[in-house]
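Below are some comments on the model you sent round, set out as numbered points. Please read them with the coordinates open.

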Amino acid sequence: MTLQQFLNSKNFNSEINQILLNIEAGSIKMYGKLNEETSDIFGPSGEKNIQNEEVQKLDLIANDIFIDVFKTNSNIAKILSEENEHTIDLNNNGKYLVAMDPLDGSSNIDVNIPVGSIFSILENKEGGFLQNGVDQKLACYVIYGTTTMMVFAVDQATHGFTLNTKNKQYILTHPNISTPNTGNIFSINEGNFNSMEKEIVEFINYCKELNPNGKRTHTGRFIGSLVADFHRNMLKGGIFIYPTTADRPNGQLRLIYECNPIAFIAKYAGGESTDLTKNILDVKPKNIHQRTAFVVGSKQMVNKLLSLYKV
Ligand code: AHG
Ligand code: MN
Ligand code: MN
């Protein structure tokens with residue numbers, strides 16, 4: 001079943017369908033760029049973004065591609081992008097707001113490791129982009145990996161589509177994704193080990209415990225592309241943790257266009273997420289580029305970590 005056929009079979013409103021088709025179109029363009037036989041798209045752009053991070057050429061290409069497709073949609077009022085300090089006005093009367101990380105994992109581009117794009121769709125109402133994640137109407141990511149996949153949560157379910165690269169159509173390959181309740185993967189950048197809260201250190205040590213036969217109980221996997229780390233964990237069972245650290249006292253990941261959409265997709269796949277004080281989807285954002293500590297994954301694993309904070 002193609003994405004279009006899937007949308008025809010559901011009763012999502014037409015504006016949501018249109019946004020999904022915009023993401024489809026933009027991501028197919030991105031797929032094309034990533035697979036072009038040219039080196040023009042690699043390397044730094046020479047600019048720094050609002051968060052003082054080095055902007056890669058492909059960050060800007062991805063940003064332009066998705067802004068251009070959303071511009072064709074009169075239902076979108078504003079875009080918030082990781083790559084733009086201010087929100088971009090489109091159509092004042094538009095019913096929806098789009099927040100995006102056009103290219104996630106950009107430090108991985110030049111070394112041939114999967115990258116992604118992340119989207120959070122909110123209603124255009126009071127509060128603008130500063131709405132709790134639980135009120136998202138649609139959350140979506142695209143992963144450009146060994147295959148290109150589009151995964152989204154809408155209407156209380158999470159579905160995954162895989163791009164047929166010959167005819168450029170997304171095919172429903174993962175209907176109603178349900179993440180395992182527990183798993184054995186833990187994903188964290190242990191380069192930050194010495195500046196993590198003691199509960200996180202305790203959890204990492206718990207993951208490293210051996211079973212009575214002297215065999216490992218967990219496996220460590222962290223590649224530094226949130227989308228790819230999360231996608232693997234959602235399908236296999238695991239936990240992703242990016243806590244506050246000395247380098248990143250407020251956390252590394254952005255609440256509105258990284259954590260919230262991923263947490264929404266996790267929720268409707270049966271997973272759990274937290275900022276280590278409350279469910280991340282219940283956090284009221286204060287500013288558009290706000291960072292946060294972020295934990296997402298299999299329910300039992302997230303609850304195990306949270307239980308260490310309560311003693
Ligand atoms: P982005 O490329 O959009 O800036 O996001 C990078 C993020 C995320 O994808 C990843 O999980 C994290 O940064 C990696 O951070 P560290 O390099 O500190 O591990
Ligand atoms: Mn990112
Ligand atoms: Mn990015």
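1. Ile113 counts as partly exposed, because its relative accessibility is 31%, and the residue sits in the loop that runs between β5 (96-104) and β6 (115-123). Together with Val111 and Ile223, Ile113 makes a nonpolar surface patch of about 220 Å². Please keep in mind here, and in every point that follows, that this is a predicted model.

2. The manganese ion (ligand 3) takes its protein donors from Glu82 (OE), Asp101 (OD) and Leu103 (O), which lie 2.1 to 2.2 Å from the metal, and along the chain these donors follow the spacing E-x18-D-x1-L. Asp101 and Leu103 are both buried. Glu82 belongs to the loop between β3 (76-81) and β4 (88-89), and Glu82 counts as buried because its relative accessibility is 5%, where the limit for that class is under 20%.

3. For the manganese ion (ligand 2), the protein donors are Asp101 (OD), Asp104 (OD) and Glu258 (OE), at 1.8 to 2.2 Å from the metal, and in sequence these donor residues are spaced D-x2-D-x153-E. Asp101 lies in strand β5 and Glu258 in helix α6 (residues 255-268), so this pair ties together parts that are 157 residues apart in sequence. Both Asp101 and Glu258 are buried.

4. How far apart are the manganese ion (ligand 2) and the manganese ion (ligand 3), and which residue coordinates both? The separation between the manganese ion (ligand 2) and the manganese ion (ligand 3) is 3.7 Å, and Asp101 is the residue that coordinates both.

5. Ligand 1 is surrounded by 17 residues, of which the closest are Asp104, Asn189, Leu226, Tyr242 and Gln252. On the polar side of the account, an N or O atom in the side chain of Gln252 is 2.8 Å from an oxygen atom of ligand 1, while a polar side-chain atom of Arg254 lies 3.2 Å from an oxygen atom of the ligand, and a polar side-chain atom of Glu258 lies 3.5 Å from an oxygen atom of the ligand. Taken alone, ligand 1 exposes 470 Å², and the protein buries 82% of that area.

6. The structure holds twelve salt bridges, and one of them is where the side chains of Glu53 and Arg254 meet, at 3.4 Å from N to O. This pair links distant parts of the chain, with Glu53 in the loop between β1 and β2 (54-56) and Arg254 in strand β14 (residues 253-254), 201 residues apart. Glu53 counts as buried because its relative accessibility is 16%, and Arg254 counts as buried because its relative accessibility is 3%.

7. Arg254 also forms a salt bridge with Glu258, in which the closest N and O atoms are 3.0 Å apart, and Glu258 and Arg254 are both buried. Salt bridges that share partners join Glu53, Glu82, Arg248, Arg254, Glu258 and Arg291 into one network. Within this set, the side chain of Glu82 makes a polar contact of 2.8 Å with the side chain of Arg254; Glu82 is one of the donors of the manganese ion (ligand 3), and Glu258 is one of the donors of the manganese ion (ligand 2).

8. Arg291 has its place in strand β16 (residues 291-292), and Arg291 counts as buried because its relative accessible area is 18%, where the limit is under 20%. The side chains of Arg291 and Glu53 are joined by a polar contact of 3.3 Å, and the side chain of Arg291 reaches the backbone oxygen of Gln252 at 2.6 Å.

9. Another salt bridge is formed by Asp89 with Lys78, where the closest N and O atoms are 2.8 Å apart. Asp89 lies in strand β4 and Lys78 in strand β3, so the pair ties together parts that are eleven residues apart in sequence. Asp89 is exposed, because its relative accessible area is 53%, whereas Lys78, at 27% relative accessibility, counts as partly exposed.

10. Finally, Glu37 is found in the loop between α2 (14-34) and β1 (44-48), and Glu37 counts as exposed because its relative accessibility is 85%. The C-alpha atoms of Glu37 and Asp155 are separated by 39 Å, the two residues being 118 residues apart along the chain.

How values were computed. Residues numbered from 1 in each chain as written. Chains lettered and ligands numbered in written order. Predicted model: local features only at pLDDT ≥ 70, side-chain atom pairs only at ≥ 80, totals over all residues. Heavy atoms only, no water. Patch = residues over 30% accessible without salt bridge, like charges linked within 9 Å, V, L, I, M, F, W, Y side chains within 5 Å. Areas by Shrake-Rupley, 256 points an atom, 1.4 Å probe, with all protein chains shown as cover. Salt bridge = Lys/Arg side-chain N within 4 Å of Asp/Glu carboxyl O. Helix = DSSP H or I, 4+ residues; strand = E, 2+ residues; numbered from the N terminus. Buried < 20%, exposed > 50% of the residue type's maximum accessible area, 1.4 Å probe, protein only. Donors = N, O, S within 2.8 Å, 3.2 Å for Na, K, Ca; no water. Near = heavy atom within 4 Å. Polar contact = N/O pair within 3.5 Å; in protein donor to acceptor, adjacent residues only side chain to side chain.
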